[in-house]
Amino acid sequence: MTVVADREVVLTEVADTFPAPVTALVATQETVPRRLPTAGILVRIRERLQRAAEGFDGALRREHDHGHFFHFVPVFLGAGAVFWFCLGRPPPTAALAVLCCVATCAGLLPAGRNHTGCRLASVAALVLAGTLLADLEARRRATTMLDSGVTTVVTGVVERREAGASGEWRYVVRLTSTAEPRLRRPPERVSLLARGKGPPAMLGEMLTGRARLSPPSGPALPGLNDFSFSSYFDGIGAVGFFLGAPRGLGSGPGEESVWSATERTLFSVRDAISTRIRSVIGGDPGAFAASIITGERRSMSRDATEALRLSGLAHITAISGLNMALASGIFFVGLRMALSLLPGLAQAFPIKKIAAAGALFAAFAYLLISGYQVSAVRAFLMTAIMLVAVLFDRPAISLRNLALAAIVIIATTPSAVMGPSFQMSFAATAALIAGYAAWRARPRRSPGLRLSFPGARFLGEGGKLMAGTFLTSLIGGLSTAIFAIAHFHRLAPHGLEANLAAMPIISILVMPAGLVAMLLMPFGLDAPFLMLMGIGLEWVLVIAHGVAGWGEAIGFARMPAWFLPVASIGLLLMTLLRTWLRHAGSALLAAVIATAVLVPSTPPADVMISEDGRLVGLRLSPQGLATNRARPPRFIFEQWQAALGADEHLGPADMGTAVTGLPAAEAPAPAAPPAKSPPATTTPDRQAPKWTEDDLGKARERMRGALKSAGEGRFVCEGKSWCVARLGSGWAIATVEDAAFVGGACDVADIVVSARRVAFASCRSGARLFTAETLRRSGAVELWFGDRKARDIRVIASFSGGYRPWSAHRLYDWRSDSFQADPVLDGAIAPTPTGDSGGPAAAEDVSDSGE
């Protein structure tokens with residue numbers, strides 16, 4: 001009877017849980033004990049699923065009760081901004097605003113009835129708000145970007161300047177005019193490098209000189225950092241250098257806005273502080289000190305910069321949370337101790353809040369003289385929220401304060417979320433706060449044996465300092481590792497040891513001395529403390545050089561596109577949650593790392609082409625890269641090496657009798673100008689070299705001979721006129737500097753790359769042609785080769801139709817003073833004023849954006 005009763009209970013539970021076929025199968029069994037274990041297993045599964053669901057709901061309720069969901073507000077805002085920046089064609093602003101309002105109302109109306117629907121609607125509203133903020137910032141900036149390289153005479157007002165390591169100066173100039181040729185669509189601000197021994201121009205001074213201007217660089221390879229993006233949101237429309245020393249024209253125009261005058265005053269103070277620091281300390285320590293206090297990092301030598309990078313100490317040079325926290329913390333503690341020496345004042349007033357207000361003012365002054373970089377703004381906001389929390393008797397260090405700082409930055413500058421500075425600084429700060437919260441919440445053990453010998457207290461405090469430094473370096477290094485791998489493709493293998501040795505010097509000697517020096521600088525009493533700061537930084541540089549000599553940085557090839565966003569989700573769950581749900585982030589992060597290590601990655605491209613067509617690379621092996629340049633441009637090539645994990649470089653071979661069997665005397669003269677002649681300009685009296693049909697025919701034969709006789713995987717070049725290479729799969733590639741040889745290259749190669757514009761858009765032979773014009777539109781490209789007979793070539797370009805405000809200048813045609821039609825833009829680019837007609841461009845530099 002007991003068995004029958006149990007059977008009825010089991011059947012009832014099974015009928016309530018599982019579909020009818022399963023219930024019927026259990027009910028029709030005559031022998032109950034034979035089928036009862038199966039039904040019991042199903043019941044136990046249901047019970048476990050119910051307990052798991054209840055545990056999940058309980059964890060969500062605890063997270064909600066503790067206000068941890070607020071931590072994800074900046075996450076969803078930032079996700080919306082990232083989504084907008086990554087879209088090929090974003091929706092209209094009005095549509096985003098309407099959708100955001102609808103989602104907000106949907107999240108508020110059912111708040112009392114459906115909590116899940118309310119939360120989902122709130123998430124959608126935050127994501128849409130992030131996209132709307134990104135759209136509004138892009139429209140608000142509206143930076144005019146130079147469309148292509150040009151040599152012209154520029155005149156403008158110096159707004160910023162920064163000294164270089166070799167005596168050069170980098171100026172940010174607000175242009176007032178251009179000439180010879182006059183640009184129809186000039187950028188408002190340009191960044192120019194000036195070399196020479198003359199006195200540097202002062203801020204607010206008019207400066208003029210002939211300069212070579214270029215658009216800000218796009219990605220060195222598809223998927224890498226797009227420098228034109230950051231330049232667009234920084235207001236810099238072109239970069240370049242002066243051809244010779246520029247001339248000063250006295251003070252700039254007197255009429256300027258209040259904000260412009262205030263900004264110029266601030267940068268003048270910043271420049272004076274940097275000059276004073278470098279004059280007192282000098283050398284790399286002086287440049288190091290200037291980078292810590294004012295954020296100017298160009299004056300440090302390349303060896304010192306590389307040593308800091310390889311040792312994992314480069315973060316000290318950025319004005320980040322560490323610098324801001326140390327400066328404001330030292331000021332807070334010092335002022336509070338000074339006020340405590342006055343018993344009457346200490347008893348009558350809350351000196352802790354007075355010290356917090358003073359530290360807030362000091363942090364704001366630090367922000368102003370640092371040039372308010374993104375990292376400095378983030379650090380100031382975090383510090384300010386902490387100090388304001390002290391004023392209102394609230395916890396100073398918390399994830400809620402960090403979330404508030406992130407919300408302010410995303411609301412004002414959504415483009416910051418795309419940069420490694422924002423991502424790494426917030427990741428490190430969140431991980432440190434979460435790590436120390438977990439450390440405080442650990443189970444307490446009974447106190448052990450206490451030492452009572454003389455100096456035991458000092459030894460104990462020193463041990464705590466070392467332990468804190470160790471934990472800080474370990475947590476900060478691990479939390480920023482995924483971003484360093486994704487953005488920079490390398491990790492410092494001995495960063496923990498370097499930070500353990502250097503951070504006590506920074507905390508105890510460098511920052512206190514620097515703070516006192518800044519306070520005494522207006523009175524001219526800063527020199528002793530600046531020298532003390534320089535001594536500490538000399539020790540840090542010694543540590544950096546020593547640790548950097550232990551081994552090179554660990555290189556990582558380019559990660560797949562999913563790596564960074566998925567790993568970031570795992571890190572966010574680990575740091576922003578407090579219940580067992582955070583372990584889901586640990587599992588996700590472990591799965592991402594395991595997948596990236598174990599799953600085979602996409603094979604690297606066979607050929608890489610830079611966006612100007614002057615550098616072409618062939619992948620030889622996992623560590624080898626062959627190029628058509630004996631000395632490739634360092635800026636582009638180092639990015640190629642880091643992204644591809646290729647440390648070895650194979651330069652081109654010289655054309656000669658041993659390679660082709662043809663007399664070297666038959667080669668046409670190189671098309672490149674003499675070494676001392678200036679770069680190509682728009683001066684109409686310079687004519688391109690005149691080649692006869694016989695010269696071009698001989699060049700074609702020499703290309704064929706080079707391809708037949710040269711080894712695989714290496715370029716063979718004839719001067720600077722052309723280079724050819726043959727790959728193992730039978731494909732042939734030719735790079736051409738003189739447009740006259742493009743036709744011959746089309747006859748002998750499968751891929752032709754020209755650094756100049758040509759009169760035809762394709763090769764009649766069927767070869768794939770990349771010219772200066774097509775590369776200007778597409779940016780850098782990568783090629784994968786398949787079957788040669790079928791002409792199977794897979795091409796991935798940096799820009800494939802999805803032109804955005806920071807890349808729309810690639811569609812501008814200076815001849816017609818208009819943007820060429822593109823369906824993606826759909827008229828989103830505002831027209832620019834048309835200038836007066838000028839002289840024609842020279843034949844050898846037809847890509848120059850002049851008149």
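Helices (H or I, at least four residues) and strands (E, at least two) are DSSP runs, numbered from the N terminus. The model is predicted: local features need pLDDT of at least 70, side-chain atom pairs count only at pLDDT 80 or more, and totals for chains, interfaces and linings use all residues. Residues are numbered from 1 along each chain as its sequence is written, and side-chain values use heavy atoms, with hydrogens and water left out.

**Exercise 1. Find where Glu180 sits, then work through its backbone and its exposure.**

Step 1. Glu180 is in the loop between E2 and E3. Pro181 is in the loop between strand E2 (169-179) and strand E3 (189-194).

Step 2. Look at the bond between the two: Glu180 and Pro181 are joined by a cis peptide bond, with omega about 0°. Now check phi of Glu180, which is near 55°, a positive value in a residue other than glycine. For context, most residues other than glycine have a negative phi, and most peptide bonds are trans.

Step 3. Buried means under 20% relative accessible area, exposed over 50%, and partly exposed in between (1.4 Å probe, protein chains only). Glu180 comes out at 57% relative accessibility, so it counts as exposed.

**Exercise 2. Do the phi and exposure check for Arg791.**

Step 1. Arg791 belongs to the loop between strand E19 (781-785) and strand E20 (793-797).

Step 2. Its phi is positive, about 55°, although Arg791 is not a glycine.

Step 3. With 38% relative accessibility, Arg791 counts as partly exposed.

**Exercise 3. Classify the ring pair Phe229 and Phe233.**

Step 1. A pair of aromatic rings is described by the distance of the centres and the angle of the planes. Rings of Phe, Tyr and Trp (its six-membered ring) pair if their centres lie within 6.5 Å; planes under 30 degrees apart count as stacked, over 60 as edge-to-face and the rest as tilted. The structure holds 16 such aromatic pairs.

Step 2. For Phe229 and Phe233 the centres are 4.9 Å apart and the planes are at 55°, so this pair is tilted.

Step 3. Place the pair: both residues lie in helix H7 (residues 227-234), 4 residues apart, about one turn of the helix. Phe229 is buried at a relative accessible area of 12%, and Phe233 is buried at 5%.

Step 4. Widen the view. Ring pairs link Phe229 and Phe233 with Trp84, Phe85, Tyr232 and Trp806 into a cluster.

**Exercise 4. Do it again for Phe364 and Phe380.**

Step 1. These rings are 5.8 Å apart centre to centre with 50° between the planes, which makes the aromatic pair tilted.

Step 2. Phe364 lies in helix H13 (residues 351-369) and Phe380 in helix H14 (residues 374-391), so the pair ties together parts that are 16 residues apart in sequence.

Step 3. Phe364 counts as partly exposed at 37% relative accessibility, whereas Phe380 counts as buried at 13%.

**Exercise 5. Locate the arginines over the faces of Trp84 and Trp784.**

Step 1. Get the rule straight: a charge sits over a ring if NZ of Lys or CZ of Arg is within 6 Å of the ring centre and within 35 degrees of the ring normal.

Step 2. Over the face of Trp84 you'll find Arg804, at 4.2 Å from the ring centre. Over the face of Trp784 lies Arg794, at 4.3 Å from the ring centre.

**Exercise 6. Describe how H8 packs on H9.**

Step 1. Two packed helices are described by the angle between their axes and the distance between the axes. Axes are lines fitted to C-alpha atoms, for helices over the stretch in contact, and angles run from 0 to 180 degrees between N-to-C directions.

Step 2. Helix H8 (residues 258-280) and helix H9 (residues 283-293) pack at about 150°, with axes 8 Å apart. Angles under 35 degrees count as roughly parallel, over 145 as roughly antiparallel, 65 to 115 as roughly perpendicular and the rest as oblique. H8 and H9 are therefore roughly antiparallel to each other.

Step 3. For the contact (heavy atoms within 4.5 Å), Ile273, Ile277 and Arg278 of H8 meet Gly286, Ala289, Ala290 and Ile293 of H9.
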